[in-house]
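Reader: I would like to learn how to read a few features of a model. Please take them one at a time.

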Amino acid sequence: MNLLTVENISKSYGERVLFEDLSFGINKGQKIALIAKNGTGKTSILNIMSGKDAPDSGQVNYRKGIRVSFLDQEPDLNPGLTVEETIFASDNEILSVIHAYEKALENPDDTDAYQKAFEAMERFNAWDFETLYKQILFKLKLDNLNAKVGMLSGGQKKRLALANALINKPDLLVLDEPTNHLDLEMIEWLEAYFTKENMTLFMVTHDRYFLERVCNEILELDEGRLYPYKGSYSYYLEKKEARLEQQAVEHHKSQRLFKKELEWMRRQPKARTTKSKSRIDDFSAIKEKASQRRKEHEVQLEINMERMGSKILELHKISKSYPEKPILDKFDYNFKKGERVGIIGKNGTGKSTFLNILSGNDQPDGGKVVVGDTIKFGYYTQRGIDIKEGQKVIDVIRDFGDFIPLKKGRQISAQQLLERFLFDRKKQYDFVDKLSGGERKRLYLCTVLIQNPNFLILDEPTNDLDIVTLNVLESFLLDFPGCLIVVSHDRYFMDKIVDHLFVFRGNAVIEDFPGNYSDFRAYEDSKTLEERGGKAAEKELKKKDEAPKSQKAKLSYLEQKEYRNLEKEIEKLEKQKIEIQQRFADTSLSGEEIDRLSIKLQETIDTIETKTERWFELSALLEE
């Protein structure tokens with residue numbers, strides 16, 4: 001069933017033509033991702049679809065009577081409303097019924113109003129919906145329903161807008177960078193939610209793991225034309241490479257880029273958070289694998305940065321806290337040459353504060369930060385670039401330097417650096433205030449790199465960058481010989497770039513994990529299984545000590561039999577899952593075979609989740 005049709009739309013700004021005569025449709029059940037370089041019209045297409053902007057020509061037609069929700073990159077919410085009022089301001093009838101019921105609960109003396117509200121809940125079968133909406137609010141950490149929207153941070157507003165969009169249960173959900181401002185736990189929950197729910201999605205996102213697991217169709221906007229690919233992100237990469245091979249020789253660099261990306265996807269097919277047995281048994285195996293990843297990289301840009309001395313950066317018993325919120329507690333660490341550290345943790349655990357202390361932009365409450373004499377920091381913050389009126393792109397870079405020295409006396413100029421980060425010669429002489437949000441972030445990144453630092457600190461560098469730019473950045477960072485610290489919610493980016501992690505658990509607990517994000521998730525999942533197995537053993541001992549009739553009162557004979565078999569079934573499914581994952585490493589797989597494997601893998605994962613949930617249900621009965 002067709003939900004939306006876009007017919008022959010065009011858009012230009014002055015002499016700059018973004019696109020002409022674009023047409024596509026969205027059918028029920030499709031989960032489509034729109035991929036394009038920054039500044040080529042992704043946001044313009046979304047604005048035209050939402051009615052915020054009008055095309056120069058063409059039209060957008062929606063199926064009559066369908067409900068559509070839009071999640072903007074920067075949501076426009078009423079600052080005078082509370083979180084709860086914002087949610088219930090929707091035109092969703094079931095939400096109105098739930099709201100009336102909750103108000104009736106506040107006035108228990110008015111029995112007529114309560115009875116009326118209760119009957120409405122029954123009539124609309126709103127009980128399950130109420131559970132769903134409370135679960136969404138909990139997962140997105142919107143527990144203070146009385147907070148005013150005007151007092152929320154940008155990330156909280158984005159999460160509120162996302163909650164609103166999900167709660168409304170639209171026929172079509174249009175999303176602009178849905179994973180921005182979400183921590184890794186939230187992203188993985190949202191990923192699982194979209195995978196399970198039978199929703200129709202149209203999204204713009206740079207999160208490649210998210211694309212791979214959620215979307216079943218890719219729509220690429222390239223040089224003003226649309227190219228549809230019916231399959232996952234891996235399938236898109238394969239077909240994109242085939243298309244580029246048919247084009248002229250000047251696309252040689254792009255061919256290599258997509259070939260490398262496809263090889264990486266095949267080597268790292270999935271990084272799930274389901275309760276699975278780890279393919280990694282211990283820290284030493286993870287450390288060895290991380291080291292091997294770096295050795296496999298082929299250096300393309302040999303940067304001749306300033307020599308680093310024996311002393312890099314030392315942290316001696318660093319402490320930092322805010323009222324009722326400890327961040328660091330006597331944290332010790334000595335950085336070594338060439339370290340590549342990723343920092344992960346929930347929002348609010350102190351990641352950005354830690355970076356500010358390292359760079360000298362904030363001071364610890366106690367302890368000492370010792371910076372080596374030869375260390376030159378490059379700090380990419382979430383704040384972005386300060387725009388000066390009338391300044392051109394090339395002028396911004398030249399304010400910081402004209403070149404980066406390379407080995408053997410060579411160098412890369414400011415113009416060449418900009419070209420490497422996808423600013424062609426014509427674009428370099430555009431005014432900065434004409435750039436898109438993603439292009440400004442790209443330019444800001446160039447200002448950090450042109451200063452030729454030997455210790456890079458990057459705080460969420462992947463936000464608002466398109467996939468092509470991310471590939472360029474990844475290549476640059478893999479060639480970078482200095483120290484690197486990255487905070488990012490982009491799991492794919494972290495997997496390619498870092499060798500070990502600082503895991504911020506909250507309450508000043510920081511763990512050093514010797515591997516990338518996928519290694520960490522696999523290790524955590526195996527730990528969960530071990531803990532679960534330990535609890536099962538304890539219960540088994542407890543069962544033997546207790547009177548038989550005591551347990552029988554809690555579990556029937558069939559339930560006891562089911563409980564004993566579940567552990568074996570889950571273990572068997574875990575092995576099956578690992579076997580499927582390993583098959584992705586076969587580079588001779590066709591696009592259809594990759595799709596079939598992806599479907600089979602997802603079915604296996606869903607079965608594991610279902611059986612694990614049932615295991616926990618039966619465990620809870622045993623504990624009562």
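Reader: Are helix 5 and helix 6 roughly parallel or roughly antiparallel to each other?

Author: This is a predicted model, in which local features need pLDDT of at least 70 and side-chain atom pairs count only at pLDDT 80 or more, while totals for chains, interfaces and linings use all residues. Residues are numbered from 1 along each chain as its sequence is written, and side-chain values use heavy atoms, with hydrogens and water left out. Two packed helices are described by the angle between their axes and the distance between the axes. Axes are lines fitted to C-alpha atoms, for helices over the stretch in contact, and angles run from 0 to 180 degrees between N-to-C directions. Helices (H or I, at least four residues) and strands (E, at least two) are DSSP runs, numbered from the N terminus. Here helix 5 (residues 127–139) and helix 6 (residues 154–167) pack at about 160°, with axes 10 Å apart. Helix 5 and helix 6 are therefore roughly antiparallel (angles under 35 degrees count as roughly parallel, over 145 as roughly antiparallel, 65 to 115 as roughly perpendicular and the rest as oblique).

Reader: Which residues make the contact between helix 5 and helix 6?

Author: Contact means heavy atoms within 4.5 Å. Helix 5 contributes F129, Y133, I136 and L137, and helix 6 contributes A163, L166 and I167. These residues divide into seven nonpolar, no polar and no charged; Ala, Val, Leu, Ile, Met, Phe, Trp, Tyr, Cys and Pro count as nonpolar, Asp, Glu, Lys and Arg as charged, and the others, Gly among them, as polar.

Reader: How many aromatic pairs does the structure hold?

Author: Rings of Phe, Tyr and Trp (its six-membered ring) pair if their centres lie within 6.5 Å; planes under 30 degrees apart count as stacked, over 60 as edge-to-face and the rest as tilted. The structure holds 23 such pairs. For F331 and F502, the ring centres are 5.7 Å apart and the planes are at 80°, so the pair is edge-to-face. This pair links distant parts of the chain, with F331 in strand 11 (residues 325–335) and F502 in strand 19 (residues 500–506), 171 residues apart. Ring pairs also link F331 and F502 into a cluster with Y333, F335, F354, F377, F455 and F504.

Reader: Is T462 buried or exposed?

Author: Buried means under 20% relative accessible area, exposed over 50%, partly exposed in between (1.4 Å probe, protein chains only). T462 has 0% relative accessibility and therefore counts as buried. T462 lies in the loop between strand 17 (455–459) and helix 16 (467–479). Leaving aside neighbours within four places in sequence, T462 is in contact with H206, L470, S488, D490 and F493.
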